[in-house]
Amino acid sequence: MTKITLTVNGTRYTRDVEPRTLLVHFLREQLNLTGTHIGCDTSQCGACVVHLNGVSVKSCTTLAVQCDGAEITTIEGLAPEGTLHPLQEAFWELHGLQCGYCTPGMIMSAADLLAKNPHPTPSEIRHGLEGNLCRCTGYENIVRAVSSAAEKMGSPDA
Amino acid sequence: MTTESDLKPRYVGQSMKRREDPQLITGRGTYLDDIKLPAMLHVALVRSPYAHAQITAIDARRALNRRGVVAVFTGQDMLDINPLPCAWQAGRVTNHVNTPRALAVDTVRHVGEPVAMVLAEDRYVARDAADMVDVSYEPLPAVVDARDAIQPGAPQLHANAPNNIVMEWEAGDRAKTDAAFAQAEVVVAEPIINQRLIPTPMETRGTVARYDAATGEFTVWMTSQAPHVMRLLLTAFVFGIPETKLRCISPHIGGGFGQKIFCYNDMAFTMWAARKLGRPVKFVEERSENYRASTHGRDHITDAELCGRRDGTITGLRVKTHANLGAYLSTIAPGIPTTLYGRIITGVYAIPAAYCHVTGVYTNTAMVDAYRGAGRPEASYLIERMVDRFAAEIGMDPAEVRRKNFIQPDQFPYENGLGLLPYDSGNYAPALDKALEMVGYADFRALQAEARTQGRYVGLGISSYVEICGVAPSAWIGLAGEGWGAGLFESANVRVHLTGKVVVTTGSLPHGQGLETTFAQIVADELGVPYADVEIEWGDTQGTPFGYGTYGSRSLTVGGTAIKKSLDKIKAKAKRLAAHMLEANADDIEFADGKAFVRGAPAQAKTLAEIALQASVAYSLPEGMEPFLDETSYYDPPNCTFPFGTHIGIVEVDPETGHVDLQRYIAVDDCGNLINPLVVEGQIHGGIVQGIAQALYEQAIYDTNGQLLTGTLLDYAIPTAAMAPHIETAHTITPSPVNPLGVKGAGEAGTIGAAQCVMNAIIDALAPLGVKHMQMPATPERVWKAIHKEL
């Protein structure tokens, strides 16, 4: 067992983990943050995307011990309790989700995309989200939602 | 005076954002793997690496010595429970039925078939220990292709199925069809392969089982589209215990697409182990396990022939299909390539003579069962490809051939001669016209010709489809007819609580379709109550009336109508009680906008909340009336519904690389009345991309030894956002006369319309190069080979 200390959604945790523990299992099993999902075993689907020190990572391919001292944000911590991030609002408003399983990872990836490129074209959104698979929506409304959120986040009163 | 018919719906027809979403966008959903029970054990499976083999020995000693391992069980341990049932055998013919056991006994018949289960305190330990179970196999020859499997000398999978044949089934009039071909001016024939697909819901499947030894009751959480059916199958067929001893709960489901309809062995072995060990047991598939061992879809090999006259009239269709059903029969597998395929092969056309023969075949592959569209995508792909092939042969515009042969509006209800109930309603030309207008068809051919002069290969593909939704009635689909071993009604209970809040429990089981929102819109309008006062409950066999679940685009047509019927009963009772409260005659009472009043005197109205309170406190009820507004309905429709539409795609093919660029995709769908257009559009989008994926990207491939070469998401190409096109949608609306909501169903339409649309476009693009037909998926390699005649 290895002792790690990290901050998740603003709360500091110190835990003993097996060195092989994947971040996604640490979040889900030890911290009970089950909004981060697992959809594959080859790091393709992106359902597990979280932010590690502000950058999106696939938590199924990250070891918990690599996150010692790091700041992690998961879907549960993307917006302050009781509020929604503009991306969450837009996914809701524009029907950017159906079963909702890919949605946390999709939103976390989209947030990272908008941080790097605040005004993406639809094509840039499609390519920017290539690491996230959705089987329900055909992506049409996801692209609309990310465009709409980008617009709102970029507007002066946002 | 206000009457019911004057009132505009406040919610129905509105694109309301979904009430399901706040949980899901904040990570507060509860999917199966999120469930943790005290003392719960984790399962890892030992699966067969061979497609066909005898199990000669299983030695679990090393695994059992691993700290944290609680038990290892094999198929031999579970001989006290029965194999899984096959609930839908092909109708009116002999089916040679073989179904899987909870764990394999003696023989494995496909790669990934579970052989032993390891139970441990922790999922990592379970996985470690699974690799420490030593299984000895004697490999046997394997066969993976349906046509190979029926040849003399092929490896035999099951003693009761000579030549690996599950069943031989036919539809239509063979003699009349043969005669049509004998007299035909033009005959076109093509091999049509509808390749094997893997459904790939983003959440894999899983089960959590708990057993209470004191009561003898199981509680099982499952990734199921049909928990009531699972309860029935697992108790009455697998365990032989009273149905009342099992409670099935579907939590949030991360997509299903058919794969989560069925009864799976993990349901049985987790229950068995939970009872044996007295501890809750969880099993969740890894993706590669889902790919090897959960159901696949499609996998038809077909010889198709279509005949007609040079004026464009289609006179006959003759089809012979080999349907690969995998190593065993999954829950409803034989019904898919028969009732849901062979009976609708003529599609939207009035073809006077048609015949379809289907051979169901066992092979050493994963089981094949319903996948989004289930039989109907195979049928619509076949007919739409053949109609295009015919149009090209006679040199006629494919849009005109379609228009000329469409079933006409005055022909409904339409009997297609293939043993289906009559098509309910339809008007196919307006959907075609609208799609042609949206794509700019009038100008397209000139643009295409110009592109060709520049060496660019641009093509347009048309797909006019019809499908079967809300499959019913039970009297037709049932055992004596189409072979379905049960009914296909749906249920709903509506209660108006004493505070006026409305609780609806439904036997339907949403898993992404937005049914909570759609149902609540209907309820709020019908009862005239605030939308927020309506609660929709589902998914738990304890507390919901028996229902068959959500699949086959049936939940609004059948489940929604069951709710409507209960609402009608609620209103009728509310009127009687209001009459009592107003000291009026019940016949004089109107119910509108959430109030009951004497006709012509709306000022003296009683609100539904007031009536519900009176019904609940119950101290003054009309003589003989029971307390509470609480009504249950079971709705068994008189017919299926038949949504339709036309899709058009435009592609440009790069002749150097074979790459297909899908540049435009237009979908005009008619699914009857729209309750929530936003939700319907989402269903259409998602369905279309699954169909496009079949045309361009996806194929489950086994090598000749039965190894699945596309065993992970690395190898099986489900589309990313960058691989999916922008989709332009529109609707025509032809209400269904079958149900009072006038709805037809929308969940599968996109998939049913899409694949042939893309393939027709590719072949249109390559027509100048002499390409007449090509199999899916149209990968660059396959397109390049078609261009270079290396088929």
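At 0% relative accessibility, B:Asp21 counts as buried, and this residue offers a useful way into the structure, which is a predicted model. B:Asp21 forms a salt bridge with B:Arg18, in which the closest N and O atoms are 2.7 Å apart. The partner is buried as well, since B:Arg18 has a relative accessibility of 1%. Side chains of opposite charge can pair when their charged atoms come close.

The pair just described belongs to a wider set, for a search of the whole structure finds 51 salt bridges over all chains. In chain A, one of them joins A:Glu140 to A:Arg126, with the closest N and O atoms 3.6 Å apart. This pair links distant parts of the chain, because A:Glu140 belongs to helix H5 (residues 140–154) of chain A while A:Arg126 belongs to helix H4 (residues 122–128) of chain A, with the two positions 14 residues apart in the numbering. Both ends are again covered: A:Glu140 is buried with a relative accessible area of 3%, and A:Arg126 counts as buried at 10% relative accessibility.

A salt bridge in another setting is found in chain B, where the side chains of B:Glu781 and B:Lys785 meet at 3.1 Å, N to O. These two residues are 4 residues apart in helix H19 (residues 780–787) of chain B, so they are separated by about one helical turn. Here B:Glu781 counts as exposed, at 53% relative accessibility, whereas B:Lys785, at 31%, counts as partly exposed. Elsewhere, salt bridges that share partners join A:Arg28, A:Glu29, B:Asp33, B:Asp34, B:Arg123 and B:Lys282 into one network, and the residues named in this network come from chain A and chain B.

It helps next to consider chain B as a whole. This chain has 19 helices and 26 strands. Its radius of gyration is 27 Å, close to the 28 Å that the globule rule gives for 791 residues, and therefore chain B is as compact as a globular protein of that length. Along its principal axes, the C-alpha trace of chain B spans about 85 × 75 × 50 Å. Buried residues make up 65% of the 791 residues in chain B, and, of the contacts in this chain with a separation of 6 or more, 81% are accounted for by residues 24 or more positions apart. The accessible surface of chain B comes to about 26000 Å², of which 51% belongs to carbon and sulfur atoms.

Part of that surface is a nonpolar patch, formed by B:Leu498, B:Leu613, B:Val617 and B:Tyr619, which together have about 410 Å² of accessible area. Within this patch, B:Leu498 is found in the loop between strand S17 (490–496) and strand S18 (502–506) of chain B, and it counts as partly exposed at 43% relative accessibility. Helix H16 of chain B, which covers residues 608–617, has buried positions at B:Leu608, B:Ile611, B:Ala612, B:Gln614, B:Ala615 and B:Ser616. After this helix comes B:Ala618, whose phi is positive, near 65 degrees.

Two further residues of chain B illustrate individual environments. B:Trp476 lies in helix H13 (residues 474–477) of chain B and counts as buried, with a relative accessibility of 11%. Leaving aside residues up to four places away in sequence, B:Trp476 touches B:Thr339, B:Arg343, B:Gly419, B:Leu420, B:Leu421, B:Val471, B:Gly481, B:Glu482 and B:Cys640. The C-alpha atoms of B:Trp476 and B:Gln690, which are 214 residues apart along the chain, are separated by 30 Å. B:Asp533, by contrast in setting, has its place in the loop between helix H14 (515–527) and strand S19 (534–537) of chain B. At 19% relative accessibility B:Asp533 counts as buried, because the limit for that class is under 20%. With the same sequence neighbours left out, that is, residues up to four places away, B:Asp533 touches B:Lys501 and B:Val502.

The cysteines remain to be considered. The count comes to 0 disulfides over all chains, where a disulfide would need a pair of cysteine sulfur atoms within 2.5 Å. For A:Cys67, the closest cysteine sulfur belongs to A:Cys48 and lies 12 Å away, which is too far for a bond; A:Cys67 is itself buried, with a relative accessible area of 0%. For B:Cys86, the closest cysteine sulfur is that of B:Cys263, at 11 Å, which is likewise too far for a bond, and B:Cys86 is buried with a relative accessible area of 13%.

Key: Residues numbered from 1 in each chain as written. Chains lettered and ligands numbered in written order. Predicted model: local features only at pLDDT ≥ 70, side-chain atom pairs only at ≥ 80, totals over all residues. Heavy atoms only, no water. Buried < 20%, exposed > 50% of the residue type's maximum accessible area, 1.4 Å probe, protein only. Patch = residues over 30% accessible without salt bridge, like charges linked within 9 Å, V, L, I, M, F, W, Y side chains within 5 Å. Areas by Shrake-Rupley, 256 points an atom, 1.4 Å probe, with all protein chains shown as cover. Salt bridge = Lys/Arg side-chain N within 4 Å of Asp/Glu carboxyl O. Rg over C-alpha atoms; globule rule 2.2 N^0.38 Å. Contact = heavy atoms within 4.5 Å.
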